[in-house]
Amino acid sequence: MTLITLDTPSAKPLLDWYDRHHRDLPWRISPGMAARGVKPDPYHVWLSEVMLQQTTVQAVKPYFEKFLQRWPEVTDLAAAETEAVMAAWAGLGYYARARNLKKCAEAVATEHGGVFPDTEEGLRSLPGIGDYTAAAVAAIAFDRQAAVMDGNVERVISRLYAITTPLPAAKPLMKEKVALLTPAARPGDFAQAMMDLGATICTPKRPACSLCPFRGSCEALKLSDPELFPVKAAKKEKPVRYGAAFIAVTGDGEILLRRRAESGLLGGMTEVPTTAWTARIDGETSAAAAPFEAAWQSAGTVIHVFTHFELRLSIWRAAIAAKIGADGWWEPVTNLEAQALPTVMKKAIAAAIPLAFKTSKG
């Protein structure tokens, strides 16, 4: 049962808007499909929600389709080789998500008979599923009256109620407002409608307030400029870290790769040899730190921005006649697209071998 207070707008205008203006997404059951009796697939909902965390819809679409084509059921994903999953995820970022994705699929397959739990509590018991994902899957896949709040929803709620408390301190209040607003009927459509509203109408800049179904209830529109919301605490300047990456290429066109430790940043992913940089400390930047002696030549610097720091890698390249015994393995340059290389490593390789990913077979 939804507790309605005097300042709680009706969800009906939003749902009416969603029926007409929803986005067509490959993981979504549209209102028209639902009217024909089509049910959401919890596997599709979960997979999309994990991929969409801190990643755009456009970036996720090809990955989602690729995963479903390769692993059409959660049990297929559970049975997959971890390396294959990491390689398929490469480029999507936030690689802990991929490791947790695999663990969660295994838990669903082995502990739940391949069937996702249908409550927030049950979903939160799975590896890698936090409050947001549990609420989103419960609402969208199982029509549970769960309060779903992503960045788009935060923006809508902050403007609807003119919440002046800065983020992230405002999150509990925002979540409370979302819970009050979420209807018992069609909570999954409501959650997706709020996301669509934030993505297409209540945008960070130049919101289309005249088209908004909440325009008559929006406190920010009445009192101020909606663009002033949400209020955010001042951002700390990101620290800059330094390191080096070494690209060794044989006469046969093979490159030295190795695997990162399973835990920590980029855990379990493939990399070229690098120095011991982390989010907190710099690594060596000179050729003296190379994995073996060779005629290393500078190939410039690449910059990659992580969530909490900026990394500047000095790139060193060496052309060698034949493979040298070293930690890792030698991989043909033409096969690089099939490796679990994160974006920062692709940048490093491309700096040393500009055509590396244009000649790769994928």
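**Figure 1. Lys171 and its partner Glu154 in the predicted model.** In this predicted model, Lys171 has a relative accessibility of 34% and therefore counts as partly exposed, since that class lies between under 20% for buried and over 50% for exposed. Lys171 forms a salt bridge with Glu154, and the closest N and O atoms of the two side chains are 2.3 Å apart. Glu154 belongs to helix H10 (residues 151-160) while Lys171 belongs to helix H11 (residues 171-181), so the pair ties together parts that are 17 residues apart in sequence. Glu154, with a relative accessibility of 10%, counts as buried. Side chains of opposite charge can pair when their charged atoms come close.

**Figure 2. A salt bridge within helix H7.** The side chains of Lys102 and Glu106 meet in a salt bridge, with a distance of 2.5 Å from N to O. Both residues lie in helix H7 (residues 96-111), and because they are four residues apart there, about one helical turn separates them. Lys102 counts as buried at 5% relative accessibility, whereas Glu106 counts as partly exposed at 31%.

**Figure 3. Arg312 with Glu310, and a separate network.** Arg312 and Glu310 form a salt bridge in which the closest N and O atoms are 2.6 Å apart. Arg312 has a relative accessibility of 30% and counts as partly exposed, while Glu310, at 18%, counts as buried. Elsewhere, Asp19, Arg186 and Asp189 are joined into one network by salt bridges that share partners. The structure holds 17 salt bridges, and the views shown here include some of them.

**Figure 4. The annotated span, residues 51-200.** The UniProt record, an unreviewed entry, places the feature "domain: HhH-GPD" at residues 51-200. In the model this span is 65% helix and 0% strand, and its end C-alpha atoms lie 20 Å apart.

**Figure 5. The protein chain as the setting for the close-up views.** The secondary structure of the protein chain comes to 15 helices and six strands, and its C-alpha atoms fill a box of roughly 75 × 50 × 30 Å along the principal axes. Of the 362 residues in the protein chain, 49% are buried, and the chain exposes about 17400 Å², of which carbon and sulfur atoms supply 53%. When contacts between residues at least 6 apart in sequence are considered, 68% of them join residues at least 24 apart. The protein chain carries 41 positive and 38 negative charges, and the mean positions of these two groups are 5 Å apart.

Technical notes
Residues numbered from 1 in each chain as written. Predicted model: local features only at pLDDT ≥ 70, side-chain atom pairs only at ≥ 80, totals over all residues. Heavy atoms only, no water. Helix = DSSP H or I, 4+ residues; strand = E, 2+ residues; numbered from the N terminus. Buried < 20%, exposed > 50% of the residue type's maximum accessible area, 1.4 Å probe, protein only. Contact = heavy atoms within 4.5 Å. Areas by Shrake-Rupley, 256 points an atom, 1.4 Å probe, with all protein chains shown as cover. Lys, Arg positive; Asp, Glu negative; His and termini not counted. Charge placed at Lys NZ, Arg CZ, Asp CG, Glu CD. UniProt positions renumbered as here; feature names shortened; annotations may be inferred. Salt bridge = Lys/Arg side-chain N within 4 Å of Asp/Glu carboxyl O.
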